[in-house]
Amino acid sequence: MTTLTPASDRIRTDLEDLAALVDPDLPGWSRVALTEVDIAGRHHAKRLMDQAGLETTIDAAGNVLGRLTSPRSGGRTIMVGSHTDTVPGGGRFDGMVGVVAAIEVVRCLRESGTVLNHDLLVVDFFSEEPNRFGLSCVGSRALVGQITADTLALTDAEGGRFGDALAAAGIDAARITGARMDFSRVDAFIELHIEQGPYLEEHGSQIGLVERITGLSRFKALFRGQRDHGGTTPMNRRRDAGCAAAGTVLAVERIASQEESSRGTAGTLTFTPTAVNVVTEQAEMSGEFRSPQGEWLDYARSEILAAAGTEASSRGVDVDFEFLPTQQPVTMDSALMGLCAESVDGLGLSRTTLFSGAEHDAAIIATQVPAVMLFVPSQGGRSHCPEEWTDHAEVTAGVTALAHSIVAVDSA
Ligand code: GLV
Ligand code: MN
Ligand code: MN
Ligand code: MN
């Protein structure tokens, strides 16, 4: 049996070096896609891949790709990776763990003289987190052909186009669809990630095998009312766009609270003007629903549309609603899960299976090839915040599980 021993100190150094490449003007460890530090982060990942002996490229969608070619593979490939961008005010582990882990697996394979039957393709996916245009998993979507003219036409709060903003990340919008990958010779995708919730900690498990990844529906709404004097305009004569939006924010909470497994978040809300004594003329909000059930997302979409309509019309406010395409829930490959489970058991690590309420590139790649995810615990279940933490021993256990799972998948 092949034994691979990932080096905890190297993993720690790589995570700490990435954590030093952050935006000093934002809280936490922020490396938001489409900013200079995000480019720096991806170039750092490329350097680490180069040093590990991979043949590296940055593709037309900004994905950093590193290939460990095997003389035995005939081009058959196992993909492994995650992302290095963060939410604003995020932590040091979400995404980074999976990229650093994949690179450490390559080092271990080379040091131990292990030759796989597959090429190993390491990926740092571009813009996994929702960027300011509301689009997540940009790099993985480009690989599977989900970037379209509609995607490039998405706008941010200032009315800028996503397609135009890509240049700031060194990406030519006219070429991005060329990043589409031929998956015919890819046999599996494996991603290691922190759990970002409390399940593993509560169950005392070192490794989580993800059974299913949440479905997700995001939307933007623009409420248009009338700007008026806040002191002189009687309450019954107002067309207050802010109140219509606020009612819709609460509707997100009400709708999502109807089902235990559902989630709803209204993450942004902007009033124009922002003046304490002026009735709000325009309010822009964005939100999302998540569920393990695709049908529930359809229900939530129709409910929020109706609620926003009622909140607006009862105040003489107009509303424009825009839904991004629904991302269906995805089931992970059971054969791959079985191979990972055997590897985890062989290492004497404790494990459980769980559902992922967080979205991941794995869900996008799973539309093309069998995919599986391994989770390691998040302290206190905290994530998307500066307090996000996983002990280095727990990360190393995850990397070890990933390394042995890759070897098991390779020889299956
Ligand atoms: C990604 O981290 C998400 O679940 O939003
Ligand atoms: Mn995240
Ligand atoms: Mn992530
Ligand atoms: Mn194979």
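Okay, one definition before we start: a residue counts as exposed if 12 or fewer other C-beta atoms lie within 10 Å of its own, and as buried if 20 or more do. Keep that in mind, and keep in mind too that what we have here is a predicted model.

So, the overall picture. The protein chain has 12 helices and 15 strands. Its C-alpha trace spans about 80 × 45 × 40 Å along the principal axes. What about the radius of gyration? For 412 residues, a compact globule would come out near 22 Å, and this chain has 22 Å, so the two agree. Buried residues make up 51% of the chain. And if you take contacts between residues at least 6 apart in sequence, 77% of them join residues at least 24 apart.

Now let's zoom in on helix α1, residues 8-20. It has 13 residues, and at 1.5 Å a residue they should span 18 Å; the end C-alpha atoms are 18 Å apart, so that fits. Which residues of α1 are buried? Ile-11, Asp-14 and Leu-18. They cover an arc of only 65° around the axis, which means they sit on the same side of α1. Here's the background: an α-helix has 3.6 residues a turn, so residues three or four places apart point the same way. Flip to the other side of α1 and you find Asp-9, Thr-13, Glu-16 and Ala-20, which are exposed by the definition I started with. And what covers the buried residues? The cover includes α2 (36-51), α3 and α12 (392-411).

Hold on to α3, since we meet that helix again with my second element, strand β3, residues 77-83. Is β3 mostly covered or mostly open? Mostly covered: seven of its seven residues are buried. Look at its two faces. Thr-77, Met-79, Gly-81 and His-83 are on one side, Ile-78, Val-80 and Ser-82 are on the other, and all of these are buried.

Who are the partners of β3? One is strand β4, residues 119-125, which pairs with β3 in the parallel sense over seven bridges. To find that pairing in the structure, look for Ser-82, which stands opposite Asp-124 in β4. Another partner is strand β5, residues 186-194, again parallel, over four bridges. There, Thr-77 stands opposite Val-186 in β5.

And here's α3 again, residues 96-111: together with β3 and β4, this helix makes a right-handed β-α-β unit. Remember, α3 is also among the elements covering the buried residues of α1. That's it from me!

Terms used
Residues are numbered from 1 along each chain as its sequence is written. Chains are lettered from A and ligands numbered from 1 in the order in which they are written. This is a predicted model: local features need pLDDT of at least 70, side-chain atom pairs count only at pLDDT 80 or more; totals for chains, interfaces and linings use all residues. Helices (H or I, at least four residues) and strands (E, at least two) are DSSP runs, numbered from the N terminus. Two strands pair if DSSP finds at least two bridges between them. A crossover is right-handed if, with the strands pointing away from the viewer, the path from the first strand over the helix to the second runs clockwise. The expected span of a helix is 1.5 Å times one less than its number of residues. The arc is that of the directions from the helix axis to the C-beta atoms. Two residues are in contact if their C-beta atoms, placed from the backbone, lie within 7 Å. The radius of gyration is taken over C-alpha atoms; the globule rule is 2.2 Å times the number of residues to the power 0.38.
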